[in-house]
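Biologist: Hi! I have a bit of time before my next gel, so could you walk me through this one?
Modeller: Happy to, let's pull it up.

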Amino acid sequence: MTDTPQSNPFTDVSPYRPPNLPELASRRPGGLTAICIIAVVLGVLGLFSGTLKGVNALFGAQMQQAFGSMGAGTPEQAKAQQEMNAALAAEMKRFAVANGILAVAQLVLCGGLVYSGLKTLGLKAARRKLLIAICACMLVYETGQLITFVFQQLSMSPIMELYMPRMMQTPNGDNESAEKFGQVVARMSIIAGVVMQCFWTLIKFVFYAVAIHYLRKAKVVALFDSNPKSVLLKPEPT
């Protein structure tokens with residue numbers, strides 16, 4: 001007569017006991033993982049660019065003047081470049097306070113993106129809410145950042161269109177064509193900068209809006225439930 005095998009409490013899993021929390025992390029949806037990772041990457045990039053923005057707000061005008069005549073070919077070109085850099089430095093001082101505030105806000109928000117993104121990967125309920133709040137704040141920040149950037153570029157455009165033709169002049173040659181080319185270069189550089197900034201801002205707008213919508217879905221909120229039984233016992237759709 002064969003003895004009935006006894007259950008081993010160390011190897012057998014009870015169907016009435018929810019699995020351990022590490023299994024919950026392993027069942028994290030790919031969408032949630034992607035959003036958290038992208039948030040961390042954007043946060044790291046934002047910390048770097050925010051630091052540069054802060055340095056530029058504090059010392060941008062001085063650096064603009066310090067490297068005033070580098071690359072100039074003739075004394076006339078060097079003088080035009082120095083005058084242009086002085087005018088640009090004056091414009092940068094007008095926006096120094098706004099850029100300084102934006103730099104501080106960017107550092108704080110991007111630091112929060114990195115922190116909340118990493119913690120949300122670990123399915124921390126409070127950090128999911130924090131990530132949603134930071135994404136919402138980033139929408140406001142990006143709006144202010146874009147408006148400030150556009151106004152700053154528009155204020156610099158007449159200066160560049162005035163001085164770039166002078167910098168393009170040659171001692172012997174067709175200065176009229178050179179001046180027209182200088183105006184085109186100045187105008188196109190401003191337009192290209194604004195278009196690129198708008199495109200990059202649009203990408204971030206889409207991400208933050210999608211992240212907020214996704215993190216508020218019921219199935220995602222359920223993953224952060226302190227009692228994961230109901231989530232774990234339901235198979236993940238393939």
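Biologist: Let's start with charges. How many salt bridges are there in the whole structure?
Modeller: A search of the whole structure turns up 3 salt bridges. Keep in mind that this is a predicted model.

Biologist: Which residue does Glu 91 pair with?
Modeller: Glu 91 pairs with Arg 94, and their closest N and O atoms are 2.7 Å apart. Both residues lie in helix α3, 3 residues apart, or about one turn of the helix.

Biologist: And why would that spacing suit a pair?
Modeller: An α-helix has 3.6 residues a turn, so residues three or four places apart point the same way.

Biologist: Is Glu 91 buried or exposed? And Arg 94?
Modeller: Glu 91 is buried, with a relative accessible area of 14%. Arg 94 counts as exposed, at 57% relative accessibility.

Biologist: What else is buried in α3?
Modeller: The buried residues of α3 include Gln 77, Ala 78, Met 84, Leu 88 and Met 92. The helix itself covers residues 75-94 and reaches 29 Å from first C-alpha to last, close to the 28 Å expected.

Biologist: Back to the salt bridges. What does Glu 142 meet?
Modeller: The side chain of Glu 142 meets that of Lys 204 in a salt bridge, at 3.0 Å from N to O. This pair links distant parts of the chain, with Glu 142 in helix α5 and Lys 204 in helix α6, 62 residues apart.

Biologist: Are those two buried or exposed?
Modeller: Glu 142 is buried, with a relative accessible area of 2%. Lys 204 is buried too, at 12%.

Biologist: Which residue forms a salt bridge with Glu 161?
Modeller: That's Arg 187, with the closest N and O atoms 3.0 Å apart. Glu 161 lies in helix α5 and Arg 187 in helix α6, so the pair ties together parts that are 26 residues apart in sequence. Glu 161 is partly exposed at 21% relative accessible area, and Arg 187 is partly exposed at 42%.

Biologist: Changing topic: what lies over the face of Phe 224?
Modeller: Arg 128 does, at 5.8 Å from the ring centre. Arg 128 lies in helix α5 and is buried, with a relative accessible area of 9%.

Biologist: What else does Arg 128 touch?
Modeller: Leaving out residues up to four places away in sequence, Arg 128 touches Thr 120, Leu 215, Arg 216, Val 221 and Phe 224.

Biologist: Any odd backbone spots? Where is Leu 123, for instance?
Modeller: Leu 123 is in the loop between α4 and α5. Its phi is positive, about 60°, although Leu 123 is not a glycine. Most residues other than glycine have a negative phi. Leu 123 counts as buried, at 12% relative accessibility.

Biologist: What does the helix before it look like?
Modeller: Helix α4 has 26 residues and reaches 37 Å from first C-alpha to last, close to the 38 Å expected.

Biologist: Last thing: where is confidence highest, and where lowest?
Modeller: Confidence is highest in α4, at a mean pLDDT of 91, and lowest in helix α8, residues 229-232, at 44. Over residues 228-238 the pLDDT is below 50, and this stretch has 15 contacts in the model beyond near neighbours in sequence. The chain averages 78, and 73% of the residues score at least 70.

Biologist: Anywhere else I should know about?
Modeller: Residues 9-21 also stay under 50, and the model has 6 contacts for them beyond four places in sequence. Where pLDDT is low, the predicted coordinates should not be read in detail.

Methods:
Residues are numbered from 1 along each chain as its sequence is written. This is a predicted model: local features need pLDDT of at least 70, side-chain atom pairs count only at pLDDT 80 or more; totals for chains, interfaces and linings use all residues. Side-chain values use heavy atoms; hydrogens and water are left out. Helices (H or I, at least four residues) and strands (E, at least two) are DSSP runs, numbered from the N terminus. The expected span of a helix is 1.5 Å times one less than its number of residues. A charge sits over a ring if NZ of Lys or CZ of Arg is within 6 Å of the ring centre and within 35 degrees of the ring normal. pLDDT is the predictor's confidence in each residue, from 0 to 100. Contact means heavy atoms within 4.5 Å. Buried means under 20% relative accessible area, exposed over 50%, partly exposed in between (1.4 Å probe, protein chains only). A salt bridge is a side-chain nitrogen of Lys or Arg within 4 Å of a carboxyl oxygen of Asp or Glu.
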